[in-house]
Amino acid sequence: MKIVLQKVKKASVSVDEKIVGIIGKGYCLLVGVHKGSTKEDAKYLAKKIAEAQLFEDKNEKLNLGLKDVGGSILSVSQFTLYADTKKGKRPSFTNAATAEKAKELYEVFNGYLREEGVNVETGIFQTMMEVNIVNDGPVTIIYEKLSAGN
């Protein structure tokens with residue numbers, strides 16, 4: 001799995017001009033599922049992100065986590081994170097999981113985040129979404145976990 005995390009002041013996701021997920025301070029996550037991703041990968045990344053210290057303390061050091069600041073997560077599925085652009089003009093998506101597997105692991109990942117005590121809003125899987133964010137920092141971090149053999 002590959003996740004692009006952006007620390008945000010606020011974020012929302014809309015489908016057909018209707019907001020389906022909205023948060024204030026927190027993280028906007030773009031979540032890609034690799035064809036070899038597992039539930040263990042999802043659990044590992046959920047814990048890593050839930051515990052990440054990406055908010056400033058009174059000394060302006062990144063020492064505070066999402067729960068310390070009362071933040072939330074907006075999680076948006078993003079199969080294009082596994083685009084292969086090495087050949088031709090159009091990317092290949094052969095490394096991305098099938099829609100069925102990606103949906104399952106995306107939902108499992110969000111469930112693990114909730115088990116970590118994080119409020120999670122989401123987009124709608126396999127739809128055209130409009131994501132609006134107000135970056136904070138900006139802070140953008142890429143997390144990736146692939147099981148052995150992938």
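**Exercise 1. Pairing around β3**

Which residue in β3 does Val4 stand opposite? Work out how β3 pairs with β1 and β6.

*Solution.* Val4 stands opposite Leu30. This is a predicted model, in which local features need pLDDT of at least 70 and side-chain atom pairs count only at pLDDT 80 or more, while totals for chains, interfaces and linings use all residues. Residues are numbered from 1 along each chain as its sequence is written, and side-chain values use heavy atoms, with hydrogens and water left out.

Step 1. Fix the terms. Strands (E, at least two residues) and helices (H or I, at least four) are DSSP runs, numbered from the N terminus. Two strands pair if DSSP finds at least two bridges between them.

Step 2. Take β1. It pairs with β3 in the antiparallel sense, over 7 bridges.

Step 3. Take β6. Its pairing with β3 is parallel, over 6 bridges. Here Val31 has Ser77 in β6 as its bridge partner.

Step 4. Check burial. Buried means under 20% relative accessible area, exposed over 50%, and partly exposed in between (1.4 Å probe, protein chains only). In β3, 6 of the 7 residues are buried, so the strand is largely enclosed by the rest of the structure.

**Exercise 2. The hairpin and its turn**

Describe the link between β1 and β2, then find a second residue with a positive phi.

*Solution.* Step 1. β1 and β2 run antiparallel, joined by 5 bridges. Ser14 has Ile19 in β2 as its bridge partner.

Step 2. The two strands form a hairpin with 2 residues between them. Asp16 sits in this loop. Its phi is near 50°, a positive value in a residue other than glycine.

Step 3. Asp16 counts as exposed, because its relative accessibility is 75%.

Step 4. Now look at the loop between β4 and β5, which holds Glu60. The phi of Glu60 is positive too, near 60°. At 69% relative accessibility, Glu60 counts as exposed.

Step 5. Set this against the general rule: most residues other than glycine have a negative phi, and most peptide bonds are trans.

**Exercise 3. A cis peptide bond**

Which two residues does a cis peptide bond join?

*Solution.* Step 1. The bond joins Gly137 and Pro138, with omega about -5°.

Step 2. Place the proline. Pro138 lies in strand β8, residues 130–144.

**Exercise 4. The two sides of α2**

Test the length of helix α2, then sort its residues by side.

*Solution.* Step 1. The expected span of a helix is 1.5 Å times one less than its number of residues. For the 17 residues of α2 (99–115) this gives 24 Å, and the end C-alpha atoms are 24 Å apart, which agrees.

Step 2. List the buried residues of α2: Ala102, Leu105, Tyr106, Phe109, Asn110, Tyr112 and Leu113. They cover an arc of only 155° around the axis, which puts them on the same side of α2. The arc is that of the directions from the helix axis to the C-beta atoms.

Step 3. Turn to the other side. There Glu100 and Glu115 are exposed.

Step 4. Find the cover. It includes β1, β3, α1, β6 and β7.

Step 5. Look past the helix end. Gly117 follows α2 and has a positive phi, near 90°.

**Exercise 5. The cores**

Which residues touch the most other members of the largest nonpolar core?

*Solution.* Step 1. A nonpolar core is a set of buried Ala, Val, Leu, Ile, Met, Phe, Trp, Tyr and Cys residues joined through side-chain atoms within 4.5 Å.

Step 2. The largest core has 28 residues, and Tyr27, Leu29, Ile49, Ile73 and Phe109 touch the most other members. β1, β3, α1, β4 and α2 each supply at least two residues. The largest share, 6 residues, comes from α2.

Step 3. Apart from this core lies another, of 7 residues, among them Val13, Ile23, Cys28 and Leu74.

**Exercise 6. Leu66 in its loop**

Is Leu66 buried or exposed?

*Solution.* Step 1. Leu66 is in the loop between β5 and β6.

Step 2. Leu66 counts as buried, because its relative accessibility is 1%.

Step 3. Check its contacts (heavy atoms within 4.5 Å). Not counting residues up to four places away in sequence, Leu66 touches residues including Tyr27, Phe55, Ile73 and Val118.
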